Amino acid sequence: MSTPTASPLGPGRLVGRRSGPLTGTVAVPGDKSISHRALMFGGIAVGETVIHGLLEGEDVHRTAAAMRAMGAEVARGADGVWRIAGRGVGALVEPADVLDLGNSGTSTRLLLGLIATNPITAFVTGDASLRRRPMARVTDPLTRIGAHFVTRSGGRLPLAVTGTDAPLPIEYRLPVASAQVKSAVLLAGINTPGTTTVIEPVPTRDHSELMLRHFGAELHVEALPDGASAIALTGQPELTGRVVNVPADPSSAAFPIVAAVLVPGSRVVFPGVGLNPRRVGLIETLVEMGADIRIENRRSEAGEPTGDLIVSASELRGVEVPASRAPAMIDEYLILGVAAACARGKTVMRGLSELRVKESDRLTALVQGLTACGATVSVDGDDVTVTGCAGAPAGGAAIATNLDHRIAMSFLVMGMVAREPVTIDDGQPIDTSFPGFIALMRGLGAAIDGPLA
Ligand code: S3P
């Protein structure tokens, strides 16, 4: 028998139901990308790093644990402020046990870069989702620098890495638009003599570059004649502990933002959201679709722009989202798909190949989930077209979250706007990036049934 608290679908089952207007002001947790980097750079800087607003999600806890296992002192104060006593560049100690990085691709790829140029051996694994994800995209360039890897077939985890004590500076042109690959090479370049250069054909998030400068590294970015950028890092800098103020994560804010746009009568305020131009593709797209999103009080913190967002319910129309925008909203296509299903007309999202290698195959999840909720969806290669229903989709579906936090949150939002409730089989993965999501949404007025808070 199925009840809201004991279901054949499992203890993490949640149901999103049609909701009344969402109203209030919400503190979205800290940016995941910036939180990982603050812990890593703090761990290899000399002196104390103080982090305000660190994301206390499962993925970031994995990075904190890994940095501790490699000798950094990482502690959370009762005031919620995190303090790190770093080890200095090139001084990581060998972890005594396997590094289990859970669900976190960012922890894995960036830490492999860091380890690659420290003369230590580490064994790395993760959950079933992470063990399916491709790691050759980082082990290939890191091998050229001098690190040694033994991986499972297909370059998958678990793997063993031995860092080199004689690293070679490389020039590496990114074969995929990936900030994680760029960052892995730059992190390896920190303890490499000479200049390590990454050539980026299309811009991806630049949090590593901004934070490397903040901690005292020398980094030059040059525009190349073919439109690419060359990012040149001078190796073996003296990194010094810093204060890092982490903005609210625009990729997490995306879920309550889209909910506020879609649920009639809503008005929600989001203070201090990160507005790095390489992260705001979803906001740009929603505004093109007709969403009422105002940005006030723009400011900047260590090179990271932030601002307050005021989001009101709006009627949306379909738009074309160019492939060139994909890196600036790579984590936001699932929730954009929910918005597209409610819009009038067609939304075409181009260039989604990278969605296939996220926490799950999100391209398939997008198509199957939206179709199950009554939307009309078609796929042509890496392009997806959603024909919206100019209002509330049918809903009434049961969605498998496949260890993917963003599938869980996206389809709960679908349930808040659809005519019939939407069930997700497991909301527990939400904690990887957005602890407190359910309570925050309920606080705005969202109807979510289920045992998780
Ligand atoms: C991230 C980069 C993106 C993104 C991930 C975080 C980062 O991954 O999907 O959530 O912090 O660098 P890719 O670089 O693989 O696109």
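Here is a short conversation about the ligand site and two backbone details of this predicted model.

This is a predicted model, in which local features need pLDDT of at least 70 and side-chain atom pairs count only at pLDDT 80 or more, while totals for chains, interfaces and linings use all residues. Residues are numbered from 1 along each chain as its sequence is written, and side-chain values use heavy atoms, leaving out hydrogens and water.

Visitor: How many residues around the ligand are charged?
Guide: Happy to help! The residues around the ligand (a heavy atom within 4 Å) include Lys32, Thr106, Gln180, Ile330 and Asp331. Two of the shell residues are nonpolar and four are polar (Ala, Val, Leu, Ile, Met, Phe, Trp, Tyr, Cys and Pro count as nonpolar, Asp, Glu, Lys and Arg as charged, the others, Gly among them, as polar). The charged residues of the shell number six.

Visitor: Which helix gives the largest share of the shell?
Guide: Helices H1 (32-44), H3 (105-116) and H5 (179-190) each contribute at least two residues (helices are DSSP runs of H or I, at least four residues, and strands of E, at least two, numbered from the N terminus). The largest share, three residues, belongs to H1.

Visitor: How much of the ligand's exposed area does the protein bury?
Guide: Start with the polar contacts (N or O pairs within 3.5 Å). Ligand oxygen atoms lie 2.7 Å from side-chain N or O atoms of Ser33 and Arg37, and a polar side-chain atom of Lys358 is also 2.7 Å from a ligand oxygen. Alone, the ligand exposes 390 Å² (Shrake-Rupley, 1.4 Å probe), and the share buried by the protein is 96%.

Visitor: Which peptide bond is cis?
Guide: Most peptide bonds are trans. Look in strand S9 (residues 156-162), where Pro158 is found. With omega near 0°, the cis bond runs from Leu157 to Pro158.

Visitor: What is the phi of Ala390?
Guide: Ala390 sits in the loop between strand S21 (383-389) and strand S22 (398-399). Most residues other than glycine have a negative phi. For Ala390, phi is positive, near 50°.

How values were computed: Polar contact = N/O pair within 3.5 Å; in protein donor to acceptor, adjacent residues only side chain to side chain.
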